[in-house]
Amino acid sequence: MSRRRSDSRAATPAKAGFRQTMTWLHTWVGLTFIWLLFFVFVTGTAGYFDTEIDRWMQPELPPAQIGVDASDSVPVLLNHARLVAPGAEQWFLSLPVDRNQPYASLFWRGADPEQGAQQTSGNALIDLRDGAVLQARDTGGGQLLYQMHWRLHYLSRNYSDWIITLATMFMFVAIIAGVIIHKRIFRDFFTFRPGKGQRSWLDAHNLLSVAALPFHLMITYSGLLFMGFSFMPLVYSAYYGTDNGARGEFFAEVFDPPGLTAAAGEAAPLVSLALVVAEAEQHWGENRVRSLDIRHPGDANARIFVHENAEQTVANSEGLLVFDGSNGSLIHALPSATSTTKRIRDVSLGLHEGLFAAPVLRWLYFFSGVLGTGMVATGMVMWTVKRREQAVRTRVPPSAGLLLVEKLNVGTIAGLFVGIAAYFWANRLLPVDFVSRADWEAHALFLTWAAMLLHAAVRPTRQAWVEQFALGGLAFAALPVLNWLTTDRHLGQSVPAQDWVLAGFDLTVLALGLTLLVIAGYLASRLGYVNRHLPHDAAASTLGVSR
């Protein structure tokens with residue numbers, strides 16, 4: 001009997017039952033990219049409020065100018081384009097239509113210095129009240145945080161795409177395996193037993209996993225679709241070949257607008273954009289024009305690509321109208337989705353990005369991301385708690401691998417929050433005219449994070465948890481104070497003005513800071529309790545950390 005039991009415990013995944021195999025798969029597939037997945041969840045969750053973070057990190061900007069009619073904003077942008085970018089190959093006029101595009105902006109390239117252009121290419125935010133350029137500090141903003149969750153910042157796309165794809169695939173497999181191994185998944189959702197060591201961490205992991213399970217499935221599967229062109233190149237190689245230009249040819253055919261043509265080299269006045277906007281609104285309805293992409297303005301072969309504002313649709317796929325820029329005739333009218341396959345892809349990516357979400361739904365996205373972050377974090381800690389308890393029971397010294405994972409957990413979970421706080425502090429403390437300012441904001445994040453990993457390596461692990469959560473809490477809670485000292489867009493101004501974007505950021509980071517301080521206080525009190533009442537090994541096991 002005892003021999004059978006011993007053999008069963010030692011069974012390999014190949015010899016174990018199906019659910020035991022799934023447990024093994026869930027554990028090791030999940031752990032393979034666990035620290036990267038935590039980074040992805042944290043930065044991706046912050047990305048759901050990227051525009052609001054952008055605004056806080058550029059306090060010089062006025063409140064959003066959403067709601068200005070296209071008939072009023074287009075002439076202002078066109079006049080500025082003619083002034084700063086004469087002879088350009090392209091003018092791209094973006095209208096302030098929603099939270100994702102709160103200001104009017106102009107992008108241009110190929111401008112002619114001989115005709116008076118000071119820059120051959122550039123972009124600018126335009127104040128629609130007077131046509132002036134809105135001046136704001138250079139910053140990575142919330143958009144950089146959002147991009148970090150799939151571009152990994154310092155890596156080239158050739159590497160980051162594959163790394164994120166593999167991490168997402170492993171995450172998806174881990175979720176499916178996790179559902180299979182929990183026979184009582186919904187019963188476990190209502191079960192939490194505090195103070196039980198590994199059992200408590202498992203309960204917390206189950207609770208956080210099940211609470212937002214549909215979100216977790218959606219975000220990972222749609223993430224795989226997002227990266228499909230990277231990890232399934234044979235899809236287009238079968239039709240376009242495998243030479244160096246095949247990928248570019250595929251993307252050009254699928255994503256480039258129709259009607260593109262070379263400049264004729266023959267001057268011709270640009271058609272009235274008011275007529276173009278009016279015809280576009282006849283197709284889509286009033287205030288549905290998002291942008292006008294003007295190619296070869298002033299040339300006989302000028303083209304005007306008018307993009308629809310599709311922010312209210314889940315697919316976020318916009319219609320497109322193509323006009324002849326010299327006579328105003330409509331050349332092409334493309335619907336928002338040209339095929340069922342593209343519609344499915346657009347809906348999946350729209351659900352992933354959540355650009356369509358109204359404020360309440362956006363907060364639901366955010367809190368689902370927070371639950372996902374907690375799911376990953378509890379999985380990280382649970383692995384160490386289980387092995388620490390095994391080491392206590394068997395009186396075997398903890399392995400070097402376990403000690404390393406415990407240190408990495410501290411520096412990754414608590415340390416990343418300190419690094420992100422440093423990103424915001426750098427935005428306020430770096431001089432406004434500092435060279436490569438946006439780059440150094442990001443450097444501040446990663447240098448601080450590296451310092452936290454080093455701190456975790458040299459400090460006793462239990463104390464490191466407390467110290468890093470406390471530091472992160474203080475850094476976030478003090479951000480509204482720092483904002484008050486360095487700008488005039490603080491809570492004393494934003495709340496009376498009902499500027500809820502700026503006020504909301506200050507209040508959110510204050511709440512986050514207080515939450516981290518509460519966690520640090522709980523861990524400190526728990527540490528004091530176990531040190532007073534339990535022997536060292538039991539104390540370490542209870543906290544799930546080493547000394």
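How many helices and strands does the secondary structure of the protein chain comprise?

**Figure 1. Overview of the protein chain in the predicted model.** The secondary structure amounts to 23 helices and 7 strands. The chain has 547 residues, of which 47% count as buried. Among contacts with a separation of 6 or more, 67% are made by residues 24 or more positions apart. The exposed area of the protein chain is about 26,900 Å², and 62% of this area is supplied by carbon and sulfur atoms.

**Figure 2. Surroundings of Arg362 in helix H16.** Helix H16 spans residues 359-394 and includes Arg362. Arg362 counts as buried because its relative accessibility is 4%, under the 20% cut-off. The Arg362 side chain lies 2.8 Å from the backbone oxygen of Tyr48. When residues up to four places away in sequence are not counted, Arg362 touches Tyr48, Phe49, Arg99, Gly354, Leu355 and Ala357. Tyr48 thus appears both as a residue touched by Arg362 and as the source of the backbone oxygen that the side chain reaches.

**Figure 3. The open sheet of 7 strands.** The strands follow the order E3-E2-E1-E4-E5-E6-E7, and their pairing is antiparallel. Strand E3 (122-126) and strand E7 (330-334) form the edges, each pairing on one side only. On average, and with direction ignored, neighbouring strands of this sheet are turned by 15 degrees against each other.

**Figure 4. Pairing of strands E6 and E7.** Strand E6 covers residues 320-324 and pairs with E7 in the antiparallel sense over 4 bridges. Within this view, Leu320 stands opposite Leu334 of E7. E7 is an edge strand of the sheet.

Definitions and conventions: Residues numbered from 1 in each chain as written. Predicted model: local features only at pLDDT ≥ 70, side-chain atom pairs only at ≥ 80, totals over all residues. Heavy atoms only, no water. Helix = DSSP H or I, 4+ residues; strand = E, 2+ residues; numbered from the N terminus. Buried < 20%, exposed > 50% of the residue type's maximum accessible area, 1.4 Å probe, protein only. Contact = heavy atoms within 4.5 Å. Areas by Shrake-Rupley, 256 points an atom, 1.4 Å probe, with all protein chains shown as cover. Polar contact = N/O pair within 3.5 Å; in protein donor to acceptor, adjacent residues only side chain to side chain. Pairing = 2+ DSSP bridges. Axes fitted to C-alpha atoms, helices over the stretch in contact; angles between N-to-C directions.
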